[in-house]
Amino acid sequence: MPIGRQVMPIGRRVMPIARRIMSTARLAVAVGYLAVGFASPAPLVAAEPTNSASAAGNVRRVPLATLPSTADETVPVVDPSAGGLTVIAFLGTECPLAKVYGPRLNAFSQRFADRGVRFVGVNSNRQDSMAELREYGQQHAIEFPLVKDFDQTFAAECGATRTPEVFVVNATGQVVYRGRIDDQYRPGVARAEPTVHDLRDAVEQSLRGEPVERPVTEAMGCLISFPERPDSGNDTATPKHAVTYTADVSRILQRHCVECHRDGQIGPFSLTEFDEIVGWADMIVEVIEEGRMPPWHAREAAHPLANARSMSPDEIASVRTWVESGTPYGDAEELPAERSFVSDWMMPAAPEKVLPMSGSPFPVPADGIVEYQYFVVDPELQSDRWVRGAEIRPGNRAVVHHAIAFVRPPDGGDVGRFGILAAYVPGQQPTVLPPGYARRIPAGSKIVFQMHYTPIGRPQQDITEIGLLFADPGDVTHEVYAVGGIHQDFEIPPRAADHQVEGQVKRFPRNGKLLSVMPHMHLRGKSFELLVRRQGDGGSGDGGTPETWLDVPAYDFNWQHNYVFTDPPSLRDVESIRFDARFDNSSANPFNPDPDATVTWGDQTWEEMAVVFMDVAEPLRQSADASAARQGSASQQDRPATTHRASSKGERRRRAEAFAERYLEKFDRDGDGVIRPDEVPDAVRLFGFRDLDGDGDRMVDRRELTRAALSRDLRP
């Protein structure tokens, strides 16, 4: 069976959801769960300069402590006899940012060694042992001393709060700088490179005898948990340990966290052992109260979602109470049994066909940027096959952030049955369709793997595979396939904080059901809402206020969720489906690559898209009347949604011609004055090309583009 990695021509075969990830977006998830879940909110730019280092939590000096090191000796953290500067870096062995910055700190130590600058790494985490600290140093080739602050006294006296947090001190222990290393990383955001070098600049300025321009910045990373000391004299109002680990918190973590946070999984640390968990207690409270974990971005709408992953308010309150009361263990007899996980396939039956993404492992580097990887596999299907179940099984779950498998029909085939065959996101169940439901894979189709890897601080390898369960054609009653909506003719003005773009799903099976919805925007995506209007009485088309079937108030490009309905709603009485996508092009959006840009449609993530993919199920054995009604009423379905009307015919013509010019410039790759289906992204080819192709000849010219834009009459 031919398998292997294949580079696909840009703009022709690469699936649109993944091709347009620019380097900064890839790097945003390259630091693993920290970038999207385990870092402190902080401004993109460096903190405003302060007049003195005493603003750093009123810590003017660090104590002259001597601590045990990984080299089995004691090391003075600050050595007055050595003179010069000392850089103290608080590090955690499992903190993703500490892993990313460890090698960078080592490079700094080598750079400044001949100028009298010492570097010392301090570990004050309760959950990190000396052996783990030693292993951390070996894995990241750190040459400067690493010492253990067992009782956390040194961290407490310094006022350190996070890993990695750095202090630059002089020979007497006076603090001249404290805070972050640079501005490359913050929650959910990563630059391709730093724009502000806080630590480097502080050291350089101090060596020159100059005051540090920015003596204090806000550290970003994992919280150092210090033991809580509840007031022992206040135990009469409530039970001393109303919430314990054994009776309460262990169960909450099992329900929501350990799927990913256990050995060998994508979570950067394990949450299965009490001694480990208490060291992350403060961090756990922070990320769940801020809604960063578990990763979920939809809220309740008209129809419940089967794959919702949010904690209840009561669960969040229980975790907070537990931490505030000192993380009590509780009665060991109340501890639940360990949650078991399937190590093999999770589908109800063993797959009938297994396709690895490649014949050789993909090497995942220790750090840096990992481009989205694409692998094309030929399943060698000589005839159409029906798939009732599909599961992606990562070969190395520690580095596979997510994976999506698409069906790519053969050249000239029916792209109207395009679809996502399966997706893997940590904690998500495999795609198994209800009895009688199946997806058709046409003969000659290929399967495209889209792989998103996150480095974990040391080199790794992966071969991910997909397993397929086939259905007997005679048992298939409903065909599952993708429909979608798209809006291309928009412009997002510079610094617009809440720009609205509306679009329609123009074609959908009236006699079908809606199984799932997957919105797609880029870095400026802010929120998404799918709105459904039902038919009015007597076929008037006036269904009153539309229903919200999907509401994503905080869209996050880092998490490509496919929202699956628990009870798929019927489309039988649906008059129209539209979506409301909103974009934040302001400087307040930390993901925004350029708030001063006017943003239009484009493949790259510094451009934007307004797309929705929906899986629908349609009965195979339908009447002629139902088939005719499949595309809906032309008067309703083909009338695009609008946000603003152009003010004059001249303005309408100007805007339409500008749209046609932009479109040709972007997609007419061979410069012959016409655009063919293989020149546009798949999202356009599947859901928008036929609307542009007025004469149906599978070619779109300037005249057709202008006419299509005039018919929409849209102003962004």
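Biologist: Which residues have the most contacts inside the largest nonpolar core?

Modeller: Happy to help, and keep in mind that this is a predicted model. The largest nonpolar core has 63 residues. Helix α14 (residues 649-667) gives the largest share of this core, six residues. The residues with the most contacts inside the core are L514, F528, L530, L550, I577, M614 and L705.

Biologist: Let's follow one of them: which residues is L705 in contact with, leaving aside its neighbours within four places in sequence?

Modeller: L705 is one of the residues with the most contacts inside the largest core. Once those sequence neighbours are set aside, its contacts are F659, A660, Y663, L664, I675, L692 and V700.

Biologist: What share of the residues in the chain is buried?

Modeller: A residue counts as buried when its relative accessible area is under 20%. The chain has 716 residues. Of these, the buried share is 57%.

Biologist: Is H499 buried or exposed?

Modeller: First, find H499 in strand β25 (residues 499-505). Its relative accessibility is 9%, and the cut-off for buried is under 20%. So H499 counts as buried.

Biologist: Which residue has its backbone oxygen 3.3 Å from a polar atom of the H499 side chain?

Modeller: Start at the side chain of H499, the residue in strand β25. From one of its polar atoms, go 3.3 Å to a backbone oxygen, and you arrive at E491.

Biologist: Stepping back, how many helices and strands does the chain have?

Modeller: We have already met helix α14 and strand β25. For the chain, the secondary structure comes to 17 helices and 34 strands.

Definitions and conventions: Residues are numbered from 1 along each chain as its sequence is written. This is a predicted model: local features need pLDDT of at least 70, side-chain atom pairs count only at pLDDT 80 or more; totals for chains, interfaces and linings use all residues. Side-chain values use heavy atoms; hydrogens and water are left out. Helices (H or I, at least four residues) and strands (E, at least two) are DSSP runs, numbered from the N terminus. Buried means under 20% relative accessible area, exposed over 50%, partly exposed in between (1.4 Å probe, protein chains only). A polar contact is a pair of N or O atoms within 3.5 Å; within protein, one must be able to donate a hydrogen and the other to accept it, and residues adjacent in sequence count only if both atoms are side-chain atoms. A nonpolar core is a set of buried Ala, Val, Leu, Ile, Met, Phe, Trp, Tyr and Cys residues joined through side-chain atoms within 4.5 Å. Contact means heavy atoms within 4.5 Å.
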